[in-house]
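Hello,

Here is the structure we talked about handing over. My notes on it follow below.

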Amino acid sequence: MTNNLSQFNTINNKINLLSFNYVQMCNFFLSIGEKKYCADQIMYWIYQKYCNDFNKMTNLSILLRNKLNNICIISAPKFIEEVKSIDGTIKWKVIVNKNFIETVFIPERNRSTLCISSQIGCPLKCTFCATGQQKFKGNLNVEHIIGQIWTVCKILNYNNVSKIRPITNIVMMGMGEPLLNLKNVINALEIMVDNFCFNFSKHKITLSTSGIIPALDKLKNSIDVNLAISLHAPNNFIRNQLMSINKKYNIQNLLCAVKRYLKKSKIKQKRVTIEYVMLDHINDEICHAEELASILKDIPSKINLIPWNIFPNSKYKTSNMIRIKRFSDILINKGFLTIIRKNRGIDINAACGQLVGRFV
Ligand code: SAH
Ligand code: SF4
């Protein structure tokens, strides 16, 4: 029997099984003339045992193992370097198509978050973000995105760390703008929540975006994970200077899109996380806090104030704690749930906006 495999993504003409959710895996096995239950068996090996060697999959017939060796692989991008912060954060450098991306594991007392990348660099070039200052090298495909989670699970599993701290949360807050890589990101999110794959609750996954409105509208029709919006300014004048994407998708239109997303979402506690990086004397005045409260007044939200993380050759300074606290108090007094985000992994350049795929 000849199999038409042209519909699948291939590496060296081999299909990478890390790019399939359960239904796609079933269809794949049917397409190569095998039974559907083989998909269950393979999913078990990949997502329970973190095994990528067909020869070790002892409950598959030798004939099937040989066949799979010939036509497919289970291949994650290579993790080539690991750095640990004094606060327990771990950052890995990962190689994708001869470029580097970064993946960050952030353990806390009652949860452990993995921050994954969606692109190599970022084309949006926000002025306060280190990722945006490097050259954009392209989108990650599904197996690159899923491979980051899969490899970290494998590493933690081997080190037995997972018994104490499994990954409980996934945030798409690493390198890149996920909504500019929508198709692959949606496929990857489906694998994250698939019972046969990682089986994450959608409540435990957060996608952070600078606000690509048409893509946000498409996302809401596909899958509803938690949404974080990189707002960073209370008005278009300031946001235009920080994020040039605002000239295309301004604050008012973006907040309307957020409302549409929340309306469609089936997540129990419907609210958006508003990310607001604190830049000294740029967006941290009393009037800015008041203006922010006014534009968010009819949007269920949680506001994360992020002390800006420094990177070389940047013109910005982070707001001092007195200014951040003053800003936060105004929002809290107006009834907003407001959190000053703790910086994690700052000593290893693993904090928000410091990821550049290069190790110092
Ligand atoms: N592109 C997406 C997701 C990646 S950035 C987005 O912009 O939302 C993840 C978060 O880090 C975003 O809120 C981003 O604005 C913020 N960030 C970027 N550079 C930063 C820096 N130097 N200090 C603190 N936060 C930063
Ligand atoms: Fe890209 Fe987000 Fe950085 Fe802006 S803040 S350059 S959108 S990664």
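Pro-234 is buried, with a relative accessible area of 2% in this predicted model. The residue sits in the loop between β12 (226–230) and α9 (236–242). Leaving aside residues up to four places away in sequence, Pro-234 touches Ile-251, Tyr-276, His-288, Glu-291, Leu-292 and Ile-295. For His-288, the C-alpha atom is 5.9 Å from that of Pro-234, although the two residues are 54 apart along the chain.

Thr-113, in strand β7 (residues 112–115), is another buried residue, at 7% relative accessibility. With residues up to four places away in sequence not counted, Thr-113 is in contact with Val-104, Phe-105, Ile-106, Glu-108, Asn-169 and Val-171.

Next, helix α8 (residues 213–220). Of its 8 residues, 6 are buried, so α8 is largely enclosed by the rest of the structure. The buried ones are Ile-213, Ala-215, Leu-216, Asp-217, Leu-219 and Lys-220. The cover over these buried residues of α8 includes α7, β11, β12 and α10 (251–264).

Two of the buried residues in α8 carry charged side chains that pair up: Lys-220 and Asp-217 form a salt bridge, at 3.5 Å from N to O. Lys-220 and Asp-217 are 3 residues apart in α8, which means about one helical turn between them. Both partners are buried.

That is one of 15 salt bridges in the structure. Two others join helix α12 (residues 321–333) to the loop between β13 (272–278) and α11 (286–295):

- Asp-280 with Arg-323, 3.6 Å from N to O. Asp-280 is in the loop and Arg-323 in α12, 43 residues apart, so this pair links distant parts of the chain. Asp-280 is buried at a relative accessible area of 17%, and Arg-323 is buried at 12%.
- Glu-285 with Arg-326, 3.8 Å from N to O. Glu-285 is in the loop and Arg-326 in α12, so the salt bridge ties together parts that are 41 residues apart in sequence. Here the partners are partly exposed: Arg-326 has a relative accessible area of 30%, and Glu-285 has 24%.

These four residues belong to a network of salt bridges that links Asp-280, Asp-284, Glu-285, Lys-317, Arg-323 and Arg-326.

Now the packing of helices α1 and α2. Two packed helices are described by the angle between their axes and the distance between the axes. Helix α1 (residues 22–31) packs against helix α2 (residues 37–47) at an angle of about 125°, and the axes are 8 Å apart. Because the angle falls outside the range of 65 to 115 degrees for roughly perpendicular and is not over 145, α1 counts as oblique to α2. The crossing of the two helices is right-handed. On the α1 side the contact is made by Tyr-22, Met-25, Cys-26 and Phe-29, and on the α2 side by Cys-38, Ala-39, Asp-40, Ile-42, Met-43 and Ile-46. By class, the residues of this contact are 9 nonpolar, no polar and 1 charged. The charged residue is Asp-40 of α2.

Finally, two backbone angles to look at when you go through the loops. Asn-199 is not a glycine, yet its phi is positive, about 60°. Asn-199 is found in the loop between α7 (182–193) and β11 (205–209) and is partly exposed, with a relative accessible area of 46%. Asn-313 also has a positive phi in a residue other than glycine, near 65°. Its place is the loop between β14 (301–307) and α12. Asn-313 has a relative accessible area of 85%, over the 50% cut-off, so it counts as exposed.

Regards

Technical notes: Residues are numbered from 1 along each chain as its sequence is written. Chains are lettered from A and ligands numbered from 1 in the order in which they are written. This is a predicted model: local features need pLDDT of at least 70, side-chain atom pairs count only at pLDDT 80 or more; totals for chains, interfaces and linings use all residues. Side-chain values use heavy atoms; hydrogens and water are left out. Axes are lines fitted to C-alpha atoms, for helices over the stretch in contact, and angles run from 0 to 180 degrees between N-to-C directions. Helices (H or I, at least four residues) and strands (E, at least two) are DSSP runs, numbered from the N terminus. Angles under 35 degrees count as roughly parallel, over 145 as roughly antiparallel, 65 to 115 as roughly perpendicular and the rest as oblique. A crossing is left-handed if the near helix is turned anticlockwise from the far one by less than a right angle, and right-handed if clockwise. Contact means heavy atoms within 4.5 Å. Buried means under 20% relative accessible area, exposed over 50%, partly exposed in between (1.4 Å probe, protein chains only).
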